[in-house]
Amino acid sequence: EGGFISDYIGDGDDTQAVSDIDNIIFNNFKRLGINIDDYGIAKNNLINFAERTKMAESSGKYKAVNIPESGKKKTTARGAYQFVEGSMLPALKRLEVRIGKRDWIDKAKEHKDPIQLTNLQQDALFLGDIMEKRLKEKKGLGDKYIRKILKGDVQAMKDLYRIGHHTVGKKGMSRKAKQNMNRWFR
């Protein structure tokens, strides 16, 4: 079920999503001061980060629904990146900052369900969210990680995943979540 822009052959519905993902990536590269000669490698590293995140969150399944660990409460986490209901609206707003108004974003703001998005729209949502998110209320912290990720730094990928994407409850990251993180970010 997986895939990403690099191996995408799609239908007309996702043509805009392919362009949007490229815009998210390349506009951020300009903003981060990445040399144009390094765009190809940087893009591959960013996609690698998204793929690892998707695998750690849902084994790469775009229609994934949270299945709680034994003794844990079920959450509203859904989709390849396991966005929870409360994180969808802020993520969509962050994405909109990068790509502008889209009909599918307006619809998603109403249904707040990543599973109703196409695979590429979910990928765009993750990238737009992670590239715009402010971490720990520290200006520039996300960019610090992103710059390292664009150079292929797997530890930075793991760190940004842990503090910038994965939801950690009051008791910290669960044993299974830590195992998944450590499996996919090594």
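Start by selecting helix H5, residues 119–132, and look at what surrounds it. The buried residues of H5 pack against H1, H2, H3, H4, H6 and H7. Keep in mind as you go that this is a predicted model.

Now colour the buried positions of H5: Leu 120, Gln 121, Gln 122, Asp 123, Ala 124, Leu 125, Phe 126, Leu 127, Gly 128, Asp 129, Ile 130 and Met 131. That is 12 of the 14 residues, so H5 is largely enclosed by the rest of the structure. You can also check the span of H5 with your distance tool: the end C-alpha atoms are 20 Å apart, in agreement with the 20 Å that 14 residues should cover at 1.5 Å a residue.

**Step out to the whole chain**

Switch to a cartoon view for a moment. The chain has eight helices and zero strands, so expect no strand arrows, given that the run from the N terminus on is α-α-α-α-α-α-α-α. Of the 186 residues in the chain, 46% are buried. Among contacts with a separation of 6 or more, 65% are between residues 24 or more positions apart.

**Helix H1**

Next, select residues 15–32, which make up helix H1. From first C-alpha to last, the 18 residues of H1 reach 26 Å, close to the 26 Å expected at 1.5 Å a residue.

Which residues of H1 are buried? Show Ala 17, Asp 20, Ile 21, Ile 24, Ile 25, Asn 28, Phe 29 and Leu 32 as sticks to see them. Then look down the helix axis: these side chains cover an arc of only 165°, which puts them on the same side of H1. Their packing partners are H2, H3, H4, H5 (119–132) and H6 (141–150). Just past the end of H1, click on Gly 33, where phi is positive, at about 75°.

**An arginine that meets H1**

Keep Asp 20 on screen and add Arg 102. You will find Arg 102 in the loop between helix H3 (85–99) and helix H4 (103–111). Is Arg 102 buried or exposed? Its relative accessibility is 18%, so Arg 102 counts as buried. The side chains of Arg 102 and Asp 20 are joined by a polar contact of 2.7 Å. Gln 16 belongs in this view as well: leaving aside neighbours within four places in sequence, Arg 102 is in contact with Gln 16 and Asp 20.

**The aromatic cluster**

Now hide the sticks and select Phe 49, Tyr 81, Phe 126, Tyr 161 and Phe 185, which form one aromatic cluster. Phe 126 is one of the buried H5 residues from the start of the tour. Across the whole structure, a search finds seven aromatic pairs.

Zoom in on one of them, Phe 49 with Phe 185: this pair is tilted, with 6.3 Å centre to centre and 55° between the planes. Phe 49 belongs to helix H2 (residues 39–58) and Phe 185 to the segment after helix H8 (175–184), so the pair ties together parts that are 136 residues apart in sequence. Phe 49 has 0% relative accessibility and counts as buried; Phe 185, with a relative accessible area of 4%, is buried too.

Stay on Phe 185 and bring in Tyr 161. These two rings are stacked, at 5.0 Å centre to centre and 25° between the planes. Tyr 161 sits in helix H7 (residues 154–165), so its pairing with Phe 185 in the segment after H8 ties together parts that are 24 residues apart in sequence. Tyr 161 counts as buried, at 1% relative accessibility.

**Two lysines**

Select Lys 133, which lies in the loop between H5 and H6. A polar atom of the Lys 133 side chain lies 2.6 Å from the backbone oxygen of Gly 164. Not counting residues up to four places away in sequence, Lys 133 touches Arg 94, Gly 164 and His 165.

Then move to Lys 144, which lies over the face of Tyr 145, at 5.7 Å from the ring centre.

**Last stop: Glu 51**

Finish in helix H2, where you will find Glu 51. How exposed is Glu 51? At 23% relative accessibility, Glu 51 counts as partly exposed. To end, draw a C-alpha to C-alpha distance from Glu 51 to Ala 80: these residues are 29 apart in sequence and 9.6 Å apart in space.

Notes:
Residues are numbered from 1 along each chain as its sequence is written. This is a predicted model: local features need pLDDT of at least 70, side-chain atom pairs count only at pLDDT 80 or more; totals for chains, interfaces and linings use all residues. Side-chain values use heavy atoms; hydrogens and water are left out. Rings of Phe, Tyr and Trp (its six-membered ring) pair if their centres lie within 6.5 Å; planes under 30 degrees apart count as stacked, over 60 as edge-to-face and the rest as tilted. Helices (H or I, at least four residues) and strands (E, at least two) are DSSP runs, numbered from the N terminus. Buried means under 20% relative accessible area, exposed over 50%, partly exposed in between (1.4 Å probe, protein chains only). A charge sits over a ring if NZ of Lys or CZ of Arg is within 6 Å of the ring centre and within 35 degrees of the ring normal. A polar contact is a pair of N or O atoms within 3.5 Å; within protein, one must be able to donate a hydrogen and the other to accept it, and residues adjacent in sequence count only if both atoms are side-chain atoms. Contact means heavy atoms within 4.5 Å. The expected span of a helix is 1.5 Å times one less than its number of residues. The arc is that of the directions from the helix axis to the C-beta atoms.
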